[in-house]
Amino acid sequence: RAMLLPHQVVVTEPVSVPLAAIYTGLFMAFVSNVRYQLLQGVVEPCMVDGAFIRIEALVDDGGKLRERIAGRIRFSKKLVIILIRWGNGLLGSWIAIGGMRAFGLQKLKE
């Protein structure tokens, strides 16, 4: 980065690359894996799908869901899942950076 942006001021101290790699590998193996397993095994099928099944039942008009409403419900469900996954990614980043700071793998210059 210093070669490409020579005028950029670095605000962090250099860290041990092997230790950062070990931390990142362990983080991905345990923390990220558990978060994604819960997200795709519990949150999406039980909570999101369950909520949208109830919504479809509420707007169902005698067994025939009007196509326009059904399309909006499908779009809304996709949007909710995208937002949940995006939030999960932000949460993972926040946890990863917090862990790196806690273990001294990311330090700001004083």
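Select Phe27 first and show what surrounds it: leaving aside neighbours within four places in sequence, Phe27 is in contact (heavy atoms within 4.5 Å) with Ser32, Gly92, Ile95 and Ala96. Phe27 sits in helix 1, where helices, numbered from the N terminus, are DSSP runs of H or I with at least four residues, and strands are runs of E with at least two. Is Phe27 buried or exposed? Phe27 is buried, with a relative accessible area of 9%; here buried means under 20% relative accessible area, exposed means over 50%, and partly exposed lies in between, with a 1.4 Å probe and protein chains only.

Before going on, please keep in mind that this is a predicted model, in which local features need pLDDT of at least 70 and side-chain atom pairs count only at pLDDT 80 or more, while totals for chains, interfaces and linings use all residues. Residues are numbered from 1 along each chain as its sequence is written, and side-chain values use heavy atoms, with hydrogens and water left out.

**Along helix 1**

Keep Phe27 selected and add Val59: these two are 32 residues apart along the chain, and their C-alpha atoms are separated by 43 Å. Next select Ala21, which also lies in helix 1 and which, at 49% relative accessibility, counts as partly exposed. From Ala21 to Gly41 the distance is 28 Å, C-alpha to C-alpha, for a separation of 20 residues in sequence.

Now colour the whole of helix 1, residues 17–59, and look at Val43, where a kink of about 45° lies shortly before the proline Pro45. The bend at a residue is the angle between two fitted axes, one for the seven residues ending there and one for the seven starting there.

Then pick out the buried residues of this helix, which are Ala20, Tyr23, Phe27, Ser32, Arg35, Leu39, Glu44, Val48, Gly50 and Phe52. What do the buried residues of helix 1 pack against? They pack against helix 2, which covers 67–102.

**Across to helix 2**

Leu39 is a good place to follow that packing. Leu39 lies in helix 1 and is buried, with a relative accessible area of 6%. Not counting residues up to four places away in sequence, Leu39 touches Glu44, Pro45, Ile84, Arg85 and Asn88. Draw the distance from Leu39 to Ile84 as well: their C-alpha atoms are separated by 8.4 Å, although the two are 45 residues apart along the chain.

From there, step over to Asn88, which has its place in helix 2 and is buried, with a relative accessible area of 7%. With residues up to four places away in sequence again not counted, Asn88 touches Arg35, Tyr36 and Leu39.

The next stop is Val80, also in helix 2, and this residue is partly exposed, with a relative accessible area of 31%. Leaving aside neighbours within four places in sequence, Val80 is in contact with Val48 and Phe52. Between Val80 and Val48 the C-alpha to C-alpha distance is 7.9 Å, with their positions 32 residues apart in sequence.

**Zooming out**

Finally, clear the selection and show the whole protein chain, whose secondary structure comes to two helices and zero strands. Its C-alpha atoms fill a box of roughly 65 × 30 × 20 Å, taken along the principal axes. The radius of gyration of the protein chain is 22 Å, whereas a compact globule of 110 residues would have one near 13 Å; this radius is taken over C-alpha atoms, and the globule rule is 2.2 Å times the number of residues to the power 0.38.

How many of the 110 residues of the protein chain count as buried? The share is 17%. As for contacts between residues at least 6 apart in sequence, 78% of them join residues at least 24 apart.
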